[in-house]
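Here's a quick briefing to read alongside the sequence and the 3D view. Keep both open and follow along.

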Amino acid sequence: MSFRNMILDRKGFEVKFGYGMRSRSQSHCDVNVTDSSLVVDGLKQSCWANMPPELLRDVLLRIEASEDTWPARKHVVACAGVCRSWREIMKEIVKPPQTSCKLTFPISLKQPGPRDSLIQCYIKRNRSNQTYYLFLSLNQASTDDGKFLLAARKCRRATHTDYIISLNYDDVSRGSSTYIGKLRSNFLGTKFTVYDAHPPIFGAKVAKSRTTRLVSLKQVSPRVPALNYPIVHVSYDLNVLGSRGPRIMQCVMDSIPASAVEPGGVAPTQTRFLHSRIDTSPSIPFFRSKSTRTENLQPVPSSPSQNDGMLVLRNKAPRWHEQLQCWCLNFNGRVTVASVKNFQLVASPKNGVSEQAQENVILQFGKVGKDVFTMDYQYPISAFEAFAICLSSFDTKIACE
């Protein structure tokens with residue numbers, strides 16, 4: 001038996017990561033670790049922890065390089081859960097999506113996508129319980145199976161609507177330790193705000209809300225409040241043609257500077273969930289840390305300055321097709337059903353960016369079947385931001401079909 005197979009066959013190495021990174025077809029195949037003491041002991045020491053660092057790094061490098069896509073990539077996650085030394089090496093080896101074009105750990109969903117290609121995903125809507133599921137496409141020719149990434153549940157209020165976003169397929173609630181943010185609409189459904197539940201690295205201010213109270217102390221650490229950090233503002237308007245023309249969509253990215261869309265531009269990239277309830281949960285060993293004290297965190301960059309304003313995205317203007325008598329956009333085969341919800345987002349001229357940057361599609365969303373939609377995104381936005389923006393398209397009251 002090879003060393004690699006021996007690693008994967010050892011009992012307890014595949015820890016259940018059911019809160020975010022799992023495949024629909026293999027949603028119950030992982031070992032469920034219910035004894036928290038087992039997890040803690042496994043982190044402190046392991047029979048594999050005493051391997052020579054040079055040999056260990058070479059083995060893990062080979063495993064990471066050989067597993068390009070899911071579901072085989074679960075082996076990389078399993079190796080990271082063996083012990084602390086393996087985890088630290090894996091965190092160094094696994095590159096962010098911007099470089100690797102891969103979504104490996106949950107933090108990847110908060111990191112910008114690749115620069116030169118779109119990460120292809122799709123969204124499935126369950127009308128019966130008003131729930132939406134985001135999957136990573138494993139097969140471009142089919143949306144029947146995919147790697148689960150995020151879930152959202154629609155909650156109607158008297159004056160607004162909330163979309164609760166979670167890393168857990170089954171538990172989509174603010175009380176869950178896997179709650180990572182939400183989308184909130186105004187009463188008319190024309191303006192939306194995306195809130196991050198964790199402190200973004202650019203130092204956003206906490207929004208005043210009743211939801212800043214502590215969540216149930218039985219579920220999370222009493223020192224970790226459920227806060228709201230506004231990171232994206234989305235608005236919809238009718239154009240001058242009224243109901244005859246496509247709606248106008250604009251997204252203000254509070255956390256991303258406008259220069260990020262230019263060659264060499266940089267967008268903030270999180271490397272961990274800051275002050276996260278995910279870090280403190282005993283059922284998620286990979287993200288456990290010795291301390292969540294502020295002095296152990298990296299310096300927090302300031303928000304975009306006036307000289308380098310916030311990135312503004314707008315929907316790409318469609319062209320009128322005389323023969324089809326409808327507005328058309330080129331989705332390169334990723335969208336097959338005409339819908340007012342279909343859109344492509346590009347950098348707005350308000351940013352003062354180059355014409356080339358204005359033509360680069362950063363996010364595209366469109367219908368391919370009944371309650372099935374494709375979602376493709378790239379740098380400088382993350383999967384979390386892209387998913388939240390697409391959710392706003394489901395809720396907006398402006399209908400122009």
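Which residue forms a salt bridge with E64? That partner is R73, with the closest N and O atoms 2.6 Å apart. One thing to keep in mind before going further: this is a predicted model. The protein chain has nine helices and 15 strands, and 53% of its 401 residues are buried.

**The chain as a whole**

- Of the contacts in the protein chain with a separation of 6 or more, 62% are between residues 24 or more positions apart.
- About 19000 Å² of the protein chain is exposed, and carbon and sulfur atoms supply 51% of that area.

**Salt bridges**

- The count for this model comes to 14 salt bridges.
- Back to the opening pair: R73 counts as buried because its relative accessibility is 1%, and E64 is buried too, at 10%.
- D196 forms a salt bridge with K110, and here the closest N and O atoms are 2.9 Å apart.
- That pair links distant parts of the chain, since D196 sits in strand 7 while K110 is in the loop between helix 6 (97-100) and strand 2 (119-126), 86 residues apart.
- D196 is buried, with a relative accessible area of 3%, and K110 is buried as well, at 8%.
- K154 forms a salt bridge with D395, with 3.3 Å between the closest N and O atoms.
- K154 belongs to strand 4 (residues 146-156) and D395 to helix 9, so this salt bridge ties together parts of the chain that are 241 residues apart in sequence.
- Both K154 and D395 are buried.
- There's also a network: E64, D68, R73 and K102 are joined by salt bridges that share partners.

**Helix 9**

- Helix 9 covers residues 383-395, and at 1.5 Å a residue its 13 residues should span 18 Å.
- The C-alpha atoms at the two ends of helix 9 are 19 Å apart, which agrees with that expectation.
- Is helix 9 enclosed or open to the outside? It's largely enclosed by the rest of the structure, because 13 of its 13 residues are buried.

**Strand pairing**

- Strand 9 (residues 248-257) pairs with strand 10 (residues 310-315) in the antiparallel sense, over five bridges.
- To find that pairing in the view, look for P257, which stands opposite M310 in strand 10.
- Strand 10 also pairs with strand 13, again in the antiparallel sense, over three bridges.
- A marker for this second pairing is R314, which stands opposite V346 in strand 13.

**Two loop residues**

- S339 is in the loop between strand 12 (326-328) and strand 13 (343-347).
- Is S339 buried or exposed? S339 is buried, because its relative accessible area is 17% and the cut-off for buried is under 20%.
- The S339 side chain reaches the backbone nitrogen of K341 at 3.1 Å.
- N186 is in the loop between strand 6 (179-185) and strand 7 (191-196).
- N186 is partly exposed, with a relative accessible area of 25%.
- Leaving aside residues up to four places away in sequence, N186 touches T159, H160 and K191.
- N186 and T159 are 27 residues apart in sequence, and their C-alpha atoms are 7.0 Å apart in space.

Terms used:
Residues numbered from 1 in each chain as written. Predicted model: local features only at pLDDT ≥ 70, side-chain atom pairs only at ≥ 80, totals over all residues. Heavy atoms only, no water. Helix = DSSP H or I, 4+ residues; strand = E, 2+ residues; numbered from the N terminus. Buried < 20%, exposed > 50% of the residue type's maximum accessible area, 1.4 Å probe, protein only. Polar contact = N/O pair within 3.5 Å; in protein donor to acceptor, adjacent residues only side chain to side chain. Contact = heavy atoms within 4.5 Å. Expected span 1.5 Å × (residues − 1). Pairing = 2+ DSSP bridges. Areas by Shrake-Rupley, 256 points an atom, 1.4 Å probe, with all protein chains shown as cover. Salt bridge = Lys/Arg side-chain N within 4 Å of Asp/Glu carboxyl O.
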